[in-house]
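Hi,

Here's the structure I promised to send over. Have it open while you read, and my notes on what turned up are just below.

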Protein chains: 2
Amino acid sequence: LLTAGASHGLDLALKHLTQPGDTILLEDPTYFLALDIVRDYDVRVVPVPVDEHGLDVEALERSLREHQPRLLYTIPIWHNPTGATLPVARRRRLIELARAYDIIIVADEVYQMLGDADHTPPPLSTFGRDRVLSLGSFSKILAPGLRLGWIECSDRYMAKLARDGVLVSGGAMNTLVTAIAQSALELGIQDQYLETMRELYARRRRCMVRQLKASLSDGIHITEPHGGFFVWLELPEDVEVDALIADARDAGLLLKSGARFSPDSRPKSRTANGLRLCFACHSETRIREGCERLSQVLRRHVRG
Amino acid sequence: LLTAGASHGLDLALKHLTQPGDTILLEDPTYFLALDIVRDYDVRVVPVPVDEHGLDVEALERSLREHQPRLLYTIPIWHNPTGATLPVARRRRLIELARAYDIIIVADEVYQMLGDADHTPPPLSTFGRDRVLSLGSFSKILAPGLRLGWIECSDRYMAKLARDGVLVSGGAMNTLVTAIAQSALELGIQDQYLETMRELYARRRRCMVRQLKASLSDGIHITEPHGGFFVWLELPEDVEVDALIADARDAGLLLKSGARFSPDSRPKSRTANGLRLCFACHSETRIREGCERLSQVLRRHVRG
């Protein structure tokens, strides 16, 4: 099903596959704009922790037992914001749990094609197509301004989503752009461009990780993703993140606090002490310069 | 607020300005795709009749008193499907009632610019901007495939709509197409094209009305709109509309029964004996040919 991007895909899932009062599970941390989308629906949100390997499936099982949710929104590949990727064993377990507890998994897989091939597990639906709505997007592989994405799912869910009144009325959310993307696919432009971007993103990613590892002090944990757009820093608990972000702004760096990615409203969650760094849209020169400034700011806020 | 078309505008209004269980009022008949959009929401629908001058505002007042609705969806200009236009006096009364009974009016004004100027009243918001969300669309004045429209409303409603999670995430539903429309506006292409289309639609409209009046038997009522896309026929009560439509199909005519435009599920409403004829996308030659075939079919089904 064509959508106006992955966000619209999540919105359609919430609109047609949940009821007012349902409980849904969100990863903590999660894609921050997903929080805005979920807020438009009368659903109860329960956070589930993620670790360096993505969704914590044992914590998930406890939540499933306790809260009887209807739907889980998860980012199993090059997680936004943590960069983590769910290993095959956890993917299998996740599908088992979804079947056992009768939940729908909305899997945000927009970075699926944007990592090193030998570190990229198969999409989640490979392990159980019956439970998974996979969200994809041309925003990440062709151009964000297209606002074009897709949902890949079984006929059972597709039938409900395709009855959406706005989609029925217009045929699609953005027909002209769909035709452009179709041409890009048929002419091989998409494939070529994707290959170019994979290489570009990989260079930028390696540049950022190398730079951070060389310059950051010991108390800070850095993820080393093999794909996606993000590196995630975890700062020691005693760091005042808001003060740090204000200082960074003075140094010309715009940072987003981990709290913005958390569905947990408690002030001192572990997520709140994280920082998402995006390497996707900056040159290596700018990345090096940015990391250098960041390490200077961090040195003033983090005890070694 | 930019939308992915008027349908998406109605959807946003329902999503952000109604609550589950609310009552909303729909005209009978109304734009048939609006019925699909409303069905996606947990709202109770109450039909309000329209006559040859559009919404029956006295029947509306009875509904307002009886049902305490939250929102009215109305098509005040070159109504789809009836072609009727709400006169200024009814517009004033409608706004008075909206204020007295505290309802939101979603006014579908996509045909506002597509009629004879001296028969076109000012937009509904002219009479009370505080109560009206006006839906507009480039679909009708530039190209349907753009899927681009807008909502014009007061800040009070705008603030709620603009917080929509999907809009916040993407910035808009279709950014590229917005830039195309902006160029068409800035370069004067939109104005030129609108003038061309107004003249074209007017010629087709006059052609269809002339043809129908010359050939239809006495028992059939024909609206004579001064704009929009549609002429509406009302057939005598004893006509079997489904049999007529089947016969028309054999004659190469695709007709849509009035029942498809009715929020009233009762089988023998007055609306069900209507036929919507669209003159917008056919040449005058085809319109003449189509009306000729239609009058032959009608002669077999309508007693003179």
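The lining of the largest pocket sorts by class into 27 nonpolar, ten polar and nine charged residues. Keep in mind that this is a predicted model. The pocket itself has a volume of about 1200 Å³. Of its 46 lining residues, F230(A), R276(A), C278(A), C281(A) and H282(A) sit closest to the centre, so to speak of where to look, start with those. Several elements of chain A give two or more residues to this lining: α1, α2 (32-39), α8 (189-215), β12 (274-278) and α10 (284-301). From chain B, α6 (165-170) does so too. Which element gives the most? That's α10(A), with seven residues.

Next up is the second largest pocket, at about 960 Å³. It is lined by 30 residues, and the ones closest to its centre are K15(A), D40(A), Y41(A), D40(B) and Y41(B). Both chains show up in the elements as well: α1 and α2 of chain A, along with α1 and α2 (32-39) of chain B, each supply at least two lining residues. How does this lining divide by class? Into 14 charged, ten nonpolar and six polar residues.

Now for the enclosed space. The count of cavities of 30 Å³ or more comes to one, and about 120 Å³ of space lies in it. This cavity has 16 lining residues, and nearest its centre are H8(A), D11(A), H8(B), D11(B) and K15(B). The elements giving two or more residues here are α1 (6-17) of chain A and α1 (6-17) of chain B. By class, its lining has eight nonpolar, six charged and two polar residues.

One last thing, about how the two chains relate. What does it take to lay chain B on chain A? A turn of 180° with a shift of 0.0 Å along the axis does it, and the RMSD is 0.0 Å. That makes the relation one of a two-fold axis. If you want to find the axis from chain B, go to N174(B): its C-alpha is the nearest in that chain, 3.2 Å from the axis. Both copies also use the same surface, as 100% of the contact residues of chain B recur in chain A.

A good way in is to pick out the residues closest to the centre of the largest pocket, F230(A) and H282(A) among them, and then go on to D40 and Y41 of both chains in the second largest one.

Have fun with it!

How values were computed
Residues numbered from 1 in each chain as written. Chains lettered and ligands numbered in written order. Predicted model: local features only at pLDDT ≥ 70, side-chain atom pairs only at ≥ 80, totals over all residues. Heavy atoms only, no water. 1 Å grid on protein atoms, 1.4 Å probe; cavity = no way out; pocket = protein on both sides within 12 Å on 5 of 7 lines; lining within 4 Å. Points joined across faces, edges and corners; volume = space filled by probe spheres on them. Helix = DSSP H or I, 4+ residues; strand = E, 2+ residues; numbered from the N terminus. Nonpolar A, V, L, I, M, F, W, Y, C, P; charged D, E, K, R; others polar. Least-squares fit on C-alpha atoms with pLDDT ≥ 70 in both. Contact = heavy atoms within 4.5 Å.
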